[in-house]
Each structure stands twice: as C-alpha cells, then as structure tokens.
Amino acid sequence: MYLADETWPDLEAYVESESLALVPLGSTEQHGPHLPEGTDHLIAEGLAREAADRTGYLCTPTITVGVSAHHRQFHGTMWVDPPAFRAYVESLTRNLTYHGIDRVIYVNAHGGNVGPLREVGKRLHEDRAAYAIEWMWDESIPGLVDELFETPGPHGGPKETAMIMHLAGDLVKEDRLEWARDEGLVEWGAGAGREFGARTFFDAIDNTDNGVLGDQTDATPAKGAELFEAASEQLVRLCEWLDERPAEDLLPKEHV
C-alpha cells in the first residue's frame, strides 16, 4: 500500500488493523560518471514499495535528499546538514504516530543517513513514541554481495550499478563503466583512507577522482535482479518480525 495513492478512508481502515510503516530514504548525490544522482533513493523506493506490495504494509513517499555533504565537490550533489535531516525525519515519523503508526522501518540506501537515523530512532524509543529502526539493503545480504562481486565498492560500485541496471537500466551509462573503474578506486579494504588507526579523509574526492569505488564492469542486470530479490525477501521478513512483536516488548526497559 503506497500512502500517496490512497484515500483517507482507506488509510483509516489500514491503521485500524495495522501499525507499521516503511519510510524509504536515500540521497541525491554523485554516483560517478555512469550512474544517476538519484541512485540511492531509487533503490530505497524500489525495495520499500516491493515489500509493501508483497505484504500489504504501508509505504510512505520517499525522502530523496540526505546527509551527503561529503560528495559536495561533484556537480549536482544535494544535501542537508545532519541536524536538519534528523529534525525532518523525526517530525515526519511523529506525524505517522499521530495517525496510529507505532512501528517504522527506515528503508535506507545511503550510508551518510545511517548515524542520524539511528539517533532519531533512539530518541523516539526513549520518548515511547515509536519503535523506528534503520535497515540498509546491502547489509542485509553481505554474503550474496561478496559472492557476486570481487570488489563491490561501498559507493557507486558494481552492487549499486547492478541494482540500477535492474530497476532503471535506461539511466545507466554503460559505455562509461570502464571510465568509472579506471579513474575511480577499485580496491577499498579495511585500511583504506586510514593511517595508524586514524581516518584521514573527509570527502569522497579525497579517495577517488571520479567519486566511485569498486569494479563497475562486473555489474549486470541479472546480478541486480538477484540482489533485489534477496534484499526484498529480507525486508519482508523484517516487516513480519516487527509486526509480530508485542507492543510491550518494543518499549524501553525500566531502570534496574
């Protein structure tokens, strides 16, 4: 069920029997020379709406601009600062609680949103307003990502490229995949961007001239479809798990 397509009486009927909502979030930021700036929010919305279609749970409109200032040197990147992002998401979530929603899954596809979303969820939990948790698609299927790609890359790499090939293939500049690989940073290991245990970079451009990591030429639409199906299944199972939890189990525990 997609909120923006429904009438208010139908939404009233939903909250009479259900109290869960999916909120897709992403970014509008550079994803190299080959992928659209909407990559993250396209993935988040695709997964959230698929899970909503499969389960009947409510999906809200997508939050398309996130915490992305670390990509600001590349043309077109849009961002909001973390305090503004946190305030907006918290206000939107409290809006949902007013209508009877008390369980929220932030369907996230942008790493820069993770910290702020967890802070919002913690605040709502402490206030006993809602149980709101952040879900990141690729973190739900790490084994499959590693199986499909030798160098998946955390940004603009083959896993995101494959997903967009599946969801919106006409937006992928396939003739630029080698450019993305050859002028980006292919290998991104545990020690990348660090010296003696300290993180030594602030912006994406500090590590990669064209903004992306990994080997984009390893992406295919078939791999994207496999990733999408596996992540969708994980999200459906998370929805079902959360819906089954008794309300008292989701509230903050009392002081010992």
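Reader: Which residue in β4 stands opposite Arg103?

Author: This is a predicted model. In it, strand β3 covers residues 103–108 and is joined to β4 by six bridges, the two strands running parallel. Opposite Arg103, in β4, stands Tyr131.

Reader: What is the bridge partner of Leu25 in β3?

Author: Strand β1 spans 20–25. Six bridges join β1 to β3, and these strands run parallel. The partner of Leu25 in β3 is Asn108.

Reader: What is the order of the strands in the open sheet?

Author: The pairing in this sheet is parallel, and the sheet has four strands. β2 (58–59) and β4 (131–136) each have a single partner strand, so they stand at the edges and one side of each is left without a neighbour in the sheet. The order is β2-β1-β3-β4.

Reader: How many of the residues of β3 are buried?

Author: In a regular strand the side chains alternate between the two faces of the sheet. On one side of β3, Arg103, Ile105 and Val107 are buried, and on the other Val104, Tyr106 and Asn108 are buried, so both faces are covered. β3 is therefore largely enclosed by the rest of the structure, and the count of its buried residues is six of six.

Reader: Which strands does helix α8 lie across, and at about what angle does it run to β3?

Author: Helix α8 is made of residues 221–244. The strands it lies across are β1, β3 and β4. Its angle to β3 is about 165 degrees.

Reader: At about what angle does α4 run to β4?

Author: Helix α4 covers residues 114–126. This helix lies across β1, β3 and β4. Its angle to β4 is about 160 degrees.

Reader: Why is α3 called oblique to α4, and what is the hand of their crossing?

Author: Two packed helices are described by the angle between their axes and the distance between the axes. Helix α3 (residues 82–98) packs on α4 at an angle of about 45 degrees, with the axes 9 Å apart. That angle makes α3 oblique to α4. As for the hand, the crossing is right-handed.

Reader: How many nonpolar, polar and charged residues are in the contact of α3 with α4?

Author: From α3, the contact takes Pro82, Phe85, Arg86, Val89, Glu90, Thr93 and Arg94. From α4 come Pro116, Leu117, Glu119, Val120, Arg123 and Leu124. By class, these are seven nonpolar, one polar and five charged.

Reader: What is the hand of the crossing of α2 and α8?

Author: Helix α2 covers residues 39–55, and its axis comes within 9 Å of that of α8, crossing at roughly 55 degrees. That makes α2 oblique to α8. The crossing is right-handed.

Reader: How do the residues of the contact of α2 with α8 divide by class?

Author: In α2, the residues of the contact are Gly46, Leu47, Ala48, Glu50, Ala51, Arg54 and Thr55. They meet Phe228, Glu229, Ala231, Ser232, Glu233, Leu235 and Val236 in α8. The division is seven nonpolar, three polar and four charged.

Reader: Is Val256 buried or exposed?

Author: Val256 is in the segment after α9 (247–250). From Asp175, Val256 is 81 residues away in sequence and 61 Å away in space, C-alpha to C-alpha. The relative accessibility of Val256 is 96%, and the cut-off is over 50%, so Val256 counts as exposed.

Definitions and conventions. Residues are numbered from 1 along each chain as its sequence is written. This is a predicted model: local features need pLDDT of at least 70, side-chain atom pairs count only at pLDDT 80 or more; totals for chains, interfaces and linings use all residues. Side-chain values use heavy atoms; hydrogens and water are left out. Axes are lines fitted to C-alpha atoms, for helices over the stretch in contact, and angles run from 0 to 180 degrees between N-to-C directions. Angles under 35 degrees count as roughly parallel, over 145 as roughly antiparallel, 65 to 115 as roughly perpendicular and the rest as oblique. A crossing is left-handed if the near helix is turned anticlockwise from the far one by less than a right angle, and right-handed if clockwise. Contact means heavy atoms within 4.5 Å. Ala, Val, Leu, Ile, Met, Phe, Trp, Tyr, Cys and Pro count as nonpolar, Asp, Glu, Lys and Arg as charged, and the others, Gly among them, as polar. Buried means under 20% relative accessible area, exposed over 50%, partly exposed in between (1.4 Å probe, protein chains only). Two strands pair if DSSP finds at least two bridges between them.
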